[in-house]
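Got the model open in your viewer? Here's a short tour of what to select, stop by stop.

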Amino acid sequence: MTATHSPLTSIVMVSYHTGDVLFQAIASVLAQTVSLQLCLVDNGNPPDVVTKLQDLAATESRIQLITGHGNVGFGKACNIGARAATGELLLLLNPDSVLPTDAIEKLQKHGSALKRPYMLGARLLDENGHDQRGCRRALLTPATAAIEALHLGSFFPNARLNFNHEPVPSSITPMPAISGAFMFMGREDFWNTGGFDEGYFLHVEDLDLCLRFRRAGGEIYFVPDVVVTHIGGTSTATKFFIEKYKARGFSRYFHKNFGDEYPVLMLILLDVAVWVRAVLKLSMTQIRAFLPN
């Protein structure tokens with residue numbers, strides 16, 4: 001498909017044992033109707049996958065493959081990809097996300113009507129067409145975390161963390177936070193915010209970026225007419241690996257961003273709750289593995 005004249009958009013995609021959907025995601029990026037650069041960061045894939053990526057990059061000039069550094073964590077790998085980016089615009093995209101062919105064209109059109117710095121998020125659907133948690137959500141605070149963890153959303157409807165059960169807005173809408181699976185913004189705006197905090201290895205770095213972006217005067221928007229299939233859960237990373245780093249991420253986020261606003265005791269209680277949640281999730285996974293089908 002012939003690319004129309006437009007600002008160059010650099011797409012940063014970080015892959016770690018993603019599976020076959022990685023190549024579907026790459027194909028959907030290369031099928032876009034605008035000029036683009038794909039900064040593909042190999043974060044420690046199997047050798048056969050790396051070979052396939054190298055062969056693809058050798059035949060496709062729009063792909064810049066960055067490999068050889070191993071698994072350095074999601075946020076750091078995104079920063080590595082963003083440093084290689086040359087486009088005026090930047091899309092951080094999960095490697096299990098399949099784009100419609102006009103996705104970036106629509107994002108550019110929406111962005112051209114907005115004051116910078118802006119960040120845009122898409123409507124993320126799972127394979128069954130259901131809206132996913134995370135693409136529309138509140139800023140994570142100790143208060144919203146406690147309400148979510150204790151299932152008190154019906155008592156505090158204005159303090160819910162996720163909005164995926166609410167009606168989808170009919171037009172572009174300001175949103176407190178979006179998912180790191182899909183973040184579109186100016187490349188300079190990403191770096192002016194400091195990029196991803198590399199102290200997070202996996203999970204929560206997107207919420208941290210949204211918080212810092214808004215505190216720096218940026219606005220975040222949900223774009224309902226850009227609909228992306230986000231398959232999710234394709235990585236072969238173990239549950240233990242994921243839950244460990246998710247718990248570490250939440251703990252870092254609360255202490256880093258709210259240490260001066262909330263009592264120390266509340267933050268400690270949140271730490272305990274985060275780790276208990278991780279242990280319970282792992283325990284239930286192990287119990288279900290032994291139960292008959």
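Before selecting anything, one cut-off: a disulfide here is a pair of cysteine sulfur atoms within 2.5 Å. Keep in mind that you're looking at a predicted model. By that rule, the count comes to 0 disulfides.

**Stop 1: the cysteines**

Select Cys39 and show its side chain. Why is there no bond here? The closest cysteine sulfur, in Cys78, sits 11 Å from the sulfur of Cys39, and that's too far for a bond. Now jump over to Cys78: this residue is in no disulfide either, with the sulfur of Cys39 as its nearest cysteine sulfur, 11 Å away.

While both are selected, turn on a surface. Are they buried or exposed? Cys39 has 0% relative accessibility, so it counts as buried. Cys78 comes out at 2%, and it counts as buried because the cut-off is under 20%.

**Stop 2: strand E6**

Next, select residues 118-125, which make up strand E6. Of its 8 residues, 7 are buried, so the strand is largely enclosed by the rest of the structure.

Which strands does E6 pair with? Add residues 219-230, strand E9: it runs parallel to E6, and 8 bridges join the two. Then add residues 182-186, strand E8, which pairs with E6 in the antiparallel sense over 2 bridges.

**Stop 3: Met119**

Finish by zooming in on Met119. Toward E9, its bridge partner is Ile220. Toward E8, the bridge partner of Met119 is Met185. Select Met119 together with Ile220 and Met185 to see both pairings in one view.

Note on methods. Residues numbered from 1 in each chain as written. Predicted model: local features only at pLDDT ≥ 70, side-chain atom pairs only at ≥ 80, totals over all residues. Heavy atoms only, no water. Buried < 20%, exposed > 50% of the residue type's maximum accessible area, 1.4 Å probe, protein only. Helix = DSSP H or I, 4+ residues; strand = E, 2+ residues; numbered from the N terminus. Pairing = 2+ DSSP bridges.
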